[in-house]
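Here's a look at where this protein leaves empty space and how some of its helices pack. Have the viewer open as you read.

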Amino acid sequence: KFKSLVAKAAEWHELTKEELIYVLQPEDHKERELLFKKADEVRQNYCGSDVHLRGIIEFSNICERNCLYCGLRGDNKRLNRYRIPEEEILEAAAGAYRLGYKTIVLQSGEDSWYTADRLCSIIRKIKEGLDVAITLCVGERTYEDYREFRNAGADRYLLKHETANGALYTRLHPGMSFRARISRLEWLKELGYQVGAGNMVGLPGQTIADLADDILFMKRMDVDMAGIGPFIPHGNTPLGKASGGTLDLTLRVLACARLLMPLVHLPATTAVGTLHPYGREKALQCGANVVMPNITPSRYRKDYEIYPNKICVNEEPERCRGCIQNRISSIGRTVASDYGHSLKLKVRH
Ligand code: SAM
Ligand code: SF4
Ligand code: FES
């Protein structure tokens, strides 16, 4: 049964929720390897050998939210907070461009100091100076803000839905609502962004059925990117004592996501690289086709501590660039030379 369901998913990219729950839980090593192999084949057929690199600048760790899992939550007073001055952000972006990055991701906590004007100024200057695509990942904003960012030149937006289980979402996000999250994803699509959603694997109280819902939710939303990574508990948060996601379960979710969403961009996350020295390579071999190396100036890095033991905290951007190149070559893959826009755009137009 497992084998025929995986074959069906690899061919038709459709499974019912019950079938997906079954496929997410291989019974033995053989079934697990089959799942990973099929996902890798689908990735090869639809995305090829290219791995897209996105250089990420974590430009502010100041956050007004209080997500229970995150080290940047406003109530965590044991964190040295920073905002990187605009000139330094622009230098970091220029440095990344010289290293060959074609996408710059601007990520931060939810920091209202960054008015639309301030953020648009950064976006415009990067777009004027460099031939790159820009992805924003700055949380929930108004429709008007999203429109201004888009007009300033932002190409993509990453807003993870975190979990498709509404009750769990509510528990994890004081003062926020799952409805509001989904409307924003819809707004972003309407505004012509390439949109990324995504979930965490191994959240306290999360079930396999919830993970199946996460995948089906992203498929239904027809997202361009799906950021799937393990939840890693942080000591200075209310979930500090939780157990967190495993590498194995994260890889299974990734593989199933690839089977059901053949054209989606799937990052091998930094979090998966934090769980295991070869976590990112493993992810790239069971469906993933994107890596997001850190290009934050190194003196700020240790303070962007969303979870502990994050990799690359002491490395310079040049070092990460070389490291990732080697890792990609070591598994017989290539670094993409194009912008790495949504693979769905080609199909849509
Ligand atoms: N503030 C913006 C937001 O929440 O969308 C962007 C920055 S936030 C740090 C980026 C992502 O970090 C979140 O979407 C969440 O999935 C992830 N994250 C936060 N805490 C985490 C943890 N303890 N383990 C794994 N991922 C975590
Ligand atoms: Fe803030 Fe984002 Fe962390 Fe939530 S996940 S506390 S919004 S940085
Ligand atoms: Fe940063 Fe390997 S990617 S050191």
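What follows covers the cavities, then the pocket, then three helix pairs.

This is a predicted model, so local features need pLDDT of at least 70 and side-chain atom pairs count only at pLDDT 80 or more, while totals for chains, interfaces and linings use all residues. Residues are numbered from 1 along each chain as its sequence is written, chains are lettered from A and ligands numbered from 1 in the order in which they are written, and side-chain values use heavy atoms, with hydrogens and water left out.

**Empty space**

On a 1 Å grid over the protein atoms alone, a cavity is a set of points where a 1.4 Å probe fits but cannot get out; a pocket is an open set with protein on both sides within 12 Å along at least five of seven lines, and lining residues have an atom within 4 Å of a point. Points are joined across faces, edges and corners, and a volume is the space filled by probe spheres set on them. Helices (H or I, at least four residues) and strands (E, at least two) are DSSP runs numbered from the N terminus. For residue classes, Ala, Val, Leu, Ile, Met, Phe, Trp, Tyr, Cys and Pro count as nonpolar, Asp, Glu, Lys and Arg as charged, and the others, Gly among them, as polar.

How many cavities of 30 Å³ or more are there? The count comes to two. The largest has a volume of about 970 Å³. It is lined by 46 residues, and Gln107, Cys137, Lys160, Glu162 and Ile306 are the closest to its centre. Strand 7 gives the most to this lining, with five residues. The class split there is 28 nonpolar, nine polar and nine charged.

The second largest cavity comes in at about 140 Å³. Of its 16 lining residues, Arg54, Thr135, Arg156, Gln194 and Met225 sit closest to the centre. Strand 3, strand 5 (156–158) and strand 6 (194–201) each give two or more residues to the lining. Here the classes are six nonpolar, seven polar and three charged.

The largest pocket holds about 180 Å³ of space. Helix 14 (residues 317–330) supplies the largest share of its lining, five residues. Among the lining residues are Cys312, Glu315, Arg319 and Arg327. The lining has seven nonpolar, one polar and four charged residues.

**Helix packing**

Axes are lines fitted to C-alpha atoms, for helices over the stretch in contact, and angles run from 0 to 180 degrees between N-to-C directions. A crossing is left-handed if the near helix is turned anticlockwise from the far one by less than a right angle, and right-handed if clockwise.

| Helix pair | Angle | Axes |
|---|---|---|
| Helix 9 and helix 10 | about 35° | 10 Å apart |
| Helix 3 and helix 10 | roughly 45° | within 9 Å |
| Helix 5 and helix 6 | roughly 20° | within 8 Å |

Helix 9 passes helix 10 in a right-handed crossing. Contact means heavy atoms within 4.5 Å, and residues of helix 9 including Leu211 and Ile215 meet helix 10 residues including Val253 and Cys256. That contact has nine nonpolar, no polar and one charged residue.

Helix 3 passes helix 10 in a left-handed crossing. Its residues in the contact include Phe36 and Val42, and those of helix 10 include Leu251 and Cys256. By class, this contact has nine nonpolar, no polar and six charged residues.

The crossing of helix 5 and helix 6 is right-handed.
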